[in-house]
Amino acid sequence: MIQTLPTTRHELGLLYRARPAMAGLLLAGSAAQRWPDKGSPVRKVPGIGWVTADPVVARAVLQDHRSFTILGEGGVGNLWAQILGDWVLDLFDGAGHHDLRTRTRELFTEAVSRDLVHAAWGERVAAAGEVLRSGGTLDVAHLARVLVGRMVIGLLGIPRPAGHGGAWPDDEGALRIFETGERLATVALGTAGSTILTPDQVATAQGIVAELTAGVPDGWQDAPSDTLLGRCRELGLGLTETSGLACLLMVAGTETAASAMGRTTALLIDTGEQHRMLAAIRAGAEAGVPGASLGAPGGGARTARLLNPGEADPVENVVREGLRVTSPASVIGRGVAADVEVGGARLRAGERIMLLIWSANAAAGPFRADRPYVRESRQLWFGAGRHLCLGAALARAEIGTLLRMLWSTDEPLRVVRRRAARGVLIPAWSELTVTRR
């Protein structure tokens with residue numbers, strides 16, 4: 001059978017239910033990649049500006065820091081400057097951003113990310129694994145939101161609520177924090193045409209930011225040096241910088257991580273690729289390949305070696321492939337800072353370009369658990385250049401931990417129930433219940 005769609009019908013349904021207009025644009029970008037005589041890969045779309053779905057052109061734009069900016073109309077920095085203040089203009093681009101990246105490069109190494117995930121998730125992941133081992137059902141979408149919420153509580157040092165008498169963090173508190181992050185992210189809904197926010201949007205976003213960062217001042221001052229806030233202090237980041245960085249991590253790493261976790265799980269089941277992954281894990285374990293094992297219940301992601309993208313660990317390969325096919329941050333915008341020619345098109349200063357990341361990554365083909373490293377896309381789902389996602393290693397560790405728990409035995413999963421989230425910035429499952437029976 002000839003593959004005519006870039007992904008599964010369930011994935012296409014998620015895109016449509018999240019934002020129908022954006023889904024149409026992404027699918028048009030994907031289709032344009034296959035046209036035999038497509039001309040320039042950069043096109044101008046009324047009401048949006050310049051768009052491209054070409055992975056090579058997208059990477060060139062992201063790496064050209066003289067001609068394109070994250071701060072101008074179309075860039076996410078323009079949104080954040082309105083919410084957080086003008087200090088963003090210095091730290092998001094140019095010399096200030098270079099200094100910030102230099103000082104924060106050790107925040108999320110592979111080893112640090114692995115330890116963060118184990119500390120925040122260990123017991124909760126083990127409990128979820130036991131549900132599946134006992135023959136029960138598990139809502140992966142709900143679990144992903146809980147886990148990401150727990151991670152945010154740990155990273156931001158969010159204190160126990162007044163009057164809270166139980167263990168902290170708990171699932172209810174984690175979900176509440178996740179939903180707060182969702183509210184902040186929804187400020188970006190409707191900014192496809194312009195990244196200029198209304199006064200009401202700015203006020204709403206600033207209120208959410210204040211709520212999220214309430215515990216940062218005490219954490220920044222008193223947190224141990226082995227915590228994120230403590231490391232920020234030790235690295236010389238001031239309170240304002242640390243609070244801003246905390247907000248960025250909150251928005252960039254909540255919905256995107258939870259989306260990728262649930263959607264990669266569904267892709268493995270829907271495509272039948274879980275069988276290929278399990279076969280590769282068995283073969284690797286028999287051959288004694290480091291890291292190619294299902295791992296101990298609840299702790300596999302800690303004991304297994306975290307390999308770099310492209311290496312031959314079956315689960316890590318699936319993590320990379322899941323991120324490629326889902327591309328949770330489906331679009332990246334940039335402002336045009338100087339007249340420039342890219343992809344055969346002439347862009348003028350003051351214009352904007354929208355990079356259709358989902359469409360660019362989909363060009364390599366449908367989801368396949370053993371797909372080799374794709375040179376054209378590389379890690380385009382994390383961006384490129386000096387604005388490459390700071391938490392990329394953490395995201396990979398999170399997804400890998402979930403997958404190792406779900407497939408901690410040599411048994412396939414099946415979907416019992418699913419429901420797509422509607423009207424959201426990041427396409428996701430609101431429910432994805434699975435079982436081994």
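I will go through three parts of this structure in turn, namely the largest pocket, helix 9 and a small set of paired strands. Please keep in mind throughout that this is a predicted model.

Let me begin with the pocket. The largest pocket has a volume of about 520 Å³, and among the 25 residues that line it, those closest to its centre are Leu 116, Ala 119, Ala 120, Gly 154 and Leu 155. Three elements each give two or more residues to this lining, and they are helix 7 (110-133), helix 8 (140-156) and helix 12 (228-234). Helix 7 supplies the largest share, with 10 residues. If we sort the lining of this pocket by class, we find 13 nonpolar residues, together with six polar and six charged ones.

Next comes helix 9, which covers residues 171-185 and reaches 21 Å from its first C-alpha to its last, close to the 21 Å expected for its 15 residues at 1.5 Å a residue. Which residues of helix 9 are buried? They are Gly 173, Ala 174, Leu 175, Ile 177, Phe 178, Thr 180, Gly 181, Leu 184 and Ala 185. The cover over these buried residues includes helix 8, along with helix 4 (76-84), helix 10 (199-212), helix 13 (239-253) and helix 14 (255-270).

Finally, the strands. Three of them form an open sheet in the order 4-10-9, with antiparallel pairing, and the edges are strand 4 (138-139) and strand 9 (414-420), each of which pairs on one side only. Strand 4 is joined to strand 10, residues 429-435, by two bridges, and Asp 139 stands opposite Thr 433 in strand 10.

Conventions:
Residues numbered from 1 in each chain as written. Predicted model: local features only at pLDDT ≥ 70, side-chain atom pairs only at ≥ 80, totals over all residues. Heavy atoms only, no water. 1 Å grid on protein atoms, 1.4 Å probe; cavity = no way out; pocket = protein on both sides within 12 Å on 5 of 7 lines; lining within 4 Å. Points joined across faces, edges and corners; volume = space filled by probe spheres on them. Helix = DSSP H or I, 4+ residues; strand = E, 2+ residues; numbered from the N terminus. Nonpolar A, V, L, I, M, F, W, Y, C, P; charged D, E, K, R; others polar. Expected span 1.5 Å × (residues − 1). Buried < 20%, exposed > 50% of the residue type's maximum accessible area, 1.4 Å probe, protein only. Contact = heavy atoms within 4.5 Å. Pairing = 2+ DSSP bridges.
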